[in-house]
Amino acid sequence: MSEYAAGPVAALRRIAFLLERAREDTRRIQAFRSAAAVILPLDDDEVAQRAGNGTLTDLPGIGPSTAAVIADACRGELPERLARLEAEHSGPLAKGGRALRALLRGDCHSHSDWSDGGSPIEEMAMTAMELGHDYLVLTDHSPRLKVARGLSAERLARQLGVVEAINDHLGGDFTLLKGIEVDILDDGSLDQTEEMLAQLDLRVASVHSKLGMDADAMTERMIGAVRNPRTNVLGHCTGRLVTGNRGVRKQSEFDARAVFEACRDNHTAVEINSRPERRDPPTRLLELARDIGCLFSIDSDAHAPGQLDMLDYGCERAEEAGIEPERIINTWPRERLLEWAQHG
Ligand SMILES: [Zn+2]
Ligand SMILES: [Zn+2]
């Protein structure tokens with residue numbers, strides 16, 4: 001048995017992280033995150049004592065498998081479950097894109113449990129820090145996306161206060177940035193008040209509804225959003241799903257040349273969405289945006305902490321497409337990114 005000094009909370013978090021990045025069933029993963037939350041406020045001595053006398057499972061939310069992890073970690077031994085996951089799942093997620101991945105300084109698209117993510121804001125921020133990011137932009141959904149518990153102006157205002165409080169506590173070089181994934185409405189306008197949009201550091205605009213509208217209307221709709229001076233990143237432009245438990249969905253139809261030219265001319269970056277079920281834009285469109293001269297943002301679109309590591313997939317695709325790092329906004333220093341996001 002190898003030694004392990006990081007303690008039970010770290011062991012449980014690490015297991016959850018490795019399972020999330022391997023896209024395992026989220027309910028199974030939640031058991032580890034919940035167990036970490038249960039023991040976090042407890043005294044170390046109490047946890048060790050319970051591990052010793054076998055009463056960990058008396059705590060609500062601790063079952064046999066999480067108790068075994070906690071008990072091993074309390075004894076200073078690497079939990080077997082964690083050892084197995086480290087051996088199987090801790091390597092890079094993609095073969096290519098390693099050099100580019102090393103150049104990324106942060107992530108412009110992520111969700112917390114304020115909308116349809118699975119973890120609290122602080123857990124997302126802490127994991128981004130652990131990945132070595134300089135920043136993470138928190139981009140929960142906008143009001144109209146009710147299925148994803150999109151944030152009203154009031155809830156977003158409250159969230160901005162939470163982001164500030166988290167930053168006050170974090171210290172170091174990491175910053176959690178204020179953002180949104182704002183729905184692009186049918187007429188191309190954005191689904192949040194101008195007053196709130198103005199308070200954010202960066203805004204991703206995405207189409208989530210009526211993906212099947214006719215190509216002319218969709219083109220006009222997307223260009224409307226891309227031209228909006230508040231829009232910084234065009235999220236998952238085709239809306240397609242290529243794999244995964246939500247099934248497949250074909251890409252929406254629009255004049256990609258016209259949309260990407262508008263992106264270039266209005267300083268809106270085209271997102272390379274790293275989620276394996278999206279792989280958006282498709283390669284042909286990625287190459288078109290490259291040839292047109294667009295900027296790009298390689299985003300995780302993480303809905304759980306471990307998914308923040310999915311940037312590996314986007315980097316592999318960007319490298320395959322031969323996109324220069326200089327054109328990828330999240331290779332830039334944070335100050336340059338913020339300046340660009342305010343002024344284009
Ligand atoms: Zn989205
Ligand atoms: Zn998203």
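In this predicted model, the span of residues 106–186 is 35% helix and 19% strand, and the C-alpha atoms at its two ends lie 31 Å apart. An unreviewed UniProt entry assigns to residues 106–186 the feature "domain: Polymerase/histidinol phosphatase N-terminal".

The protein chain as a whole is divided into domain 1, which covers residues 8–89, and domain 2, which covers residues 98–343. Between the C-alpha centres of domain 1 and domain 2 there is a distance of 32 Å, and nine residues of domain 1 are in contact with nine residues of domain 2. On the side of domain 1 that touches domain 2, at least two residues each are supplied by α1 (8–21) and by α2 (26–39), with α1 giving the most, namely six residues. When the residues of this side of domain 1 are sorted by character, four are nonpolar, two are polar and three are charged.

Helix α1 also packs against helix α5, which comprises residues 80–89; the axes of α1 and α5 come within 10 Å and cross at roughly 35°, and the crossing is left-handed. On the α1 side, the contact is made by Ala11, Arg14, Ile15, Leu18, Leu19 and Arg21, which meet Arg81, Leu82, Leu85 and His89 in α5. The residues of this contact of α1 with α5 divide into six nonpolar, one polar and three charged.

A further element of the model is an open sheet of seven strands, arranged in the order β1-β2-β3-β4-β5-β6-β7 and paired in the parallel sense. Because β1 (106–107) and β7 (296–299) stand at the edges of the sheet and each have a single partner strand, one side of each is left without a neighbour in the sheet. Within the sheet, strand β3, formed by residues 175–183, pairs with strand β4, formed by residues 202–206, in the parallel sense over five bridges; for Asp183, the bridge partner in β4 is Ser206.

Helices lie across several of these strands. Helix α7, made up of residues 121–130, lies across β1, β2 (135–138) and β3, and runs at about 150° to β2. Helix α13, made up of residues 311–320, lies across β1, β6 (269–273) and β7, and runs at about 145° to β7. Strand β1 is thus covered in both descriptions, being among the strands that α7 lies across and also among those that α13 lies across.

Two details of the backbone concern the loops on either side of β6. In the loop between α11 (256–265) and β6 is found His267, whose phi is near 55°, a positive value in a residue other than glycine. In the loop between β6 and α12 (283–292) is found Pro281, which is joined to Asp280 by a cis peptide bond with omega about 0°.

Note on methods. Residues numbered from 1 in each chain as written. Chains lettered and ligands numbered in written order. Predicted model: local features only at pLDDT ≥ 70, side-chain atom pairs only at ≥ 80, totals over all residues. Domains from an automatic or database assignment. Contact = placed C-beta atoms within 7 Å. Helix = DSSP H or I, 4+ residues; strand = E, 2+ residues; numbered from the N terminus. Nonpolar A, V, L, I, M, F, W, Y, C, P; charged D, E, K, R; others polar. UniProt positions renumbered as here; feature names shortened; annotations may be inferred. Axes fitted to C-alpha atoms, helices over the stretch in contact; angles between N-to-C directions. Left-handed = near helix turned anticlockwise from the far one by under 90°. Pairing = 2+ DSSP bridges.
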